Amino acid sequence: MDHTSAIRNMIIKSFFMMAVMASLISFVSLQVYLFLSHNDGVSLSLSIYLTLALLLILLLLSVYFGFRTSYAFKGRIDDLSTFVTLLRSGKLSARVESGEHDELGVLADEMNHLATYIQEQVKSLQRLADEKSELAEKAHGAAVMEERQRLARDLHDSVSQQLFALNMLSSAALKSIVHDSGKAEGIMKQVAEIASKAQGEMRALLLHLRPVDLKGEDIREALITLIRELKEKTQLEIESKFEGMEDLSKGTETHLFRIIQESLSNILRHSKATRVIIMTEKKEGFLTLYISDNGIGFNPFENKMTSYGLQTMKERAEEIGGHFQIRSKENEGTYINLRIPV
């Protein structure tokens, strides 16, 4: 039995009870009247018959009006139920007739207002989604443009100038090779040195452009693969030990991989190092990353943290709640410490 049938039965029962109570009240009132008036013309049996007749009439009327009222009530309840079903199915433009200005009418009006409010909220969410998509597209375009400009600047400042120098030196070597072989030998040594440096710059740029695609591997396996590739393509001696990197979130893995990748790129481009140490360990609720090299170092008081690579590493560390520290001294290498709460 559904809810509307239960309500209908309740209404009919209420009418039945009203009929029975009216009959009882009529019978008692008649008996009180006969007692006070001392009227012996109406006997007890006749008053009972009259009460039963009245009860029968009232019962018939209660059945008629009970069904009539319940069906009207049931129809209005069904309209509200259908309206709710339409809203749940996503038809927010649907509305229900309020009808009479009773409690059900007030409820219908409130539900119409609620449907209007939901419809407006959905439109607002759609506008926000469109704006978010547009902003994300603009942000992506800006990031791509910034990266292109940075790469173009790096290529111009390093590789392009080195290639120009190679061109000039090789031309000078060709002119000197016949008349002054000693001078030509010195120039060729410079050519070899600049070519090696340009090659390192290009490898560093390619390393920076390497996508973070773990391909189903965990970060430890991805880092081992990255270091193996560097050992094969460069003269760097890399000592690595990765511990405590289990159960890291995806975002932490991505940022940590990028920080290590950026630090190796900086070492290849600037440090002139021959040996690098990379270690991670988990201790006292923190994952600690340690990177050091035996390169030429730099003076940290010359505001080197404003350089793109170091600043990016610091920002990535802060995004995952880490504390980034860098120490360096000229001709004594560079040391990076990163502590991440896990």
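Select I278 first: its bridge partner is I291, in β3. The model you have open is predicted. Keep that pair on screen, because the tour grows outward from there.**The sheet**

Now show strand β2, residues 275-283, together with strand β3, residues 286-293. These two strands pair in the antiparallel sense, over 8 bridges.

Next, bring in the rest of the sheet. It holds 5 strands, ordered β1-β2-β3-β5-β4. The sheet is open, and its pairing is mixed. Look at the edges: β1 (237-242) and β4 (323-328) each pair on one side only. Between neighbouring strands the average turn is 10°, direction ignored.

**From β3 to β5**

Move from β3 to β5. The two run antiparallel and are joined by 8 bridges. Select D293 to check the register: its partner in β5 is T334.

Color β5 by face. Which residues of β5 lie on the covered face? They are T334, I336, L338 and I340. The uncovered face carries Y335, N337, R339 and P341.

**The β4-β5 hairpin**

Step across to β4. It runs antiparallel to β5, with 6 bridges joining the two. Pick Q325 and you will find its bridge partner, N337, in β5. N337 also belongs to the uncovered face of β5.

Follow the chain through the turn. β4 and β5 form a hairpin, with 5 residues between them. Stop at N331 in that turn: its phi is positive, at about 70°.

Then select E332 and K329. These two form a salt bridge, with the closest N and O atoms 4.0 Å apart. E332 has a relative accessible area of 46%, so it is partly exposed.

**Helices on the sheet**

Show helix α5, residues 219-233. It lies across β1 and β2 and runs at about 170° to β1. Add helix α6, residues 250-271. α6 packs on the sheet and touches β2, β3 and β5 (334-341). Its direction makes about 10° with that of β3.

Hide the strands and keep the two helices. How far apart are the axes of α5 and α6? They are 11 Å apart, and the helices pack at an angle of about 15°. Angles under 35 degrees count as roughly parallel, so α5 is roughly parallel to α6. The crossing of α5 past α6 is right-handed.

Turn on side chains for the contact. From α5, select I219, A222, L223, L226 and L230. From α6, select E253, L256, F257, I260, L264 and L268.

**Salt bridges**

The structure holds 5 salt bridges. Bring the strands back and select E239 and R275. Their side chains meet in a salt bridge, at 2.7 Å from N to O. The pair links distant parts of the chain: E239 sits in strand β1 and R275 in strand β2, 36 residues apart.

Buried or exposed, or in between: where does E239 fall? It is partly exposed, with a relative accessible area of 39%. R275 also counts as partly exposed, at 33% relative accessibility.

Add E237 to the selection. E237, E239 and R275 are linked in a network of salt bridges.

Now go to K241 and E243. They form another salt bridge, and the closest N and O atoms are 3.6 Å apart. K241 is partly exposed, with a relative accessible area of 42%. E243 is partly exposed too, at 38%.

**Zooming out**

Show the whole chain. The protein has 7 helices and 5 strands. Read along the sequence, the pattern is α-α-α-α-α-β-α-β-β-α-β-β. Trace it in the viewer: α5 comes just before β1, and α6 falls between β1 and β2.

Finally, color by burial. Of the 342 residues in the protein, buried residues make up 31%. A contact map is a good last view. Among contacts with a separation of 6 or more, 65% are between residues 24 or more positions apart.

Notes
Residues numbered from 1 in each chain as written. Predicted model: local features only at pLDDT ≥ 70, side-chain atom pairs only at ≥ 80, totals over all residues. Heavy atoms only, no water. Pairing = 2+ DSSP bridges. Helix = DSSP H or I, 4+ residues; strand = E, 2+ residues; numbered from the N terminus. Axes fitted to C-alpha atoms, helices over the stretch in contact; angles between N-to-C directions. Contact = heavy atoms within 4.5 Å. Buried < 20%, exposed > 50% of the residue type's maximum accessible area, 1.4 Å probe, protein only. Parallel < 35°, antiparallel > 145°, perpendicular 65-115°, else oblique. Left-handed = near helix turned anticlockwise from the far one by under 90°.
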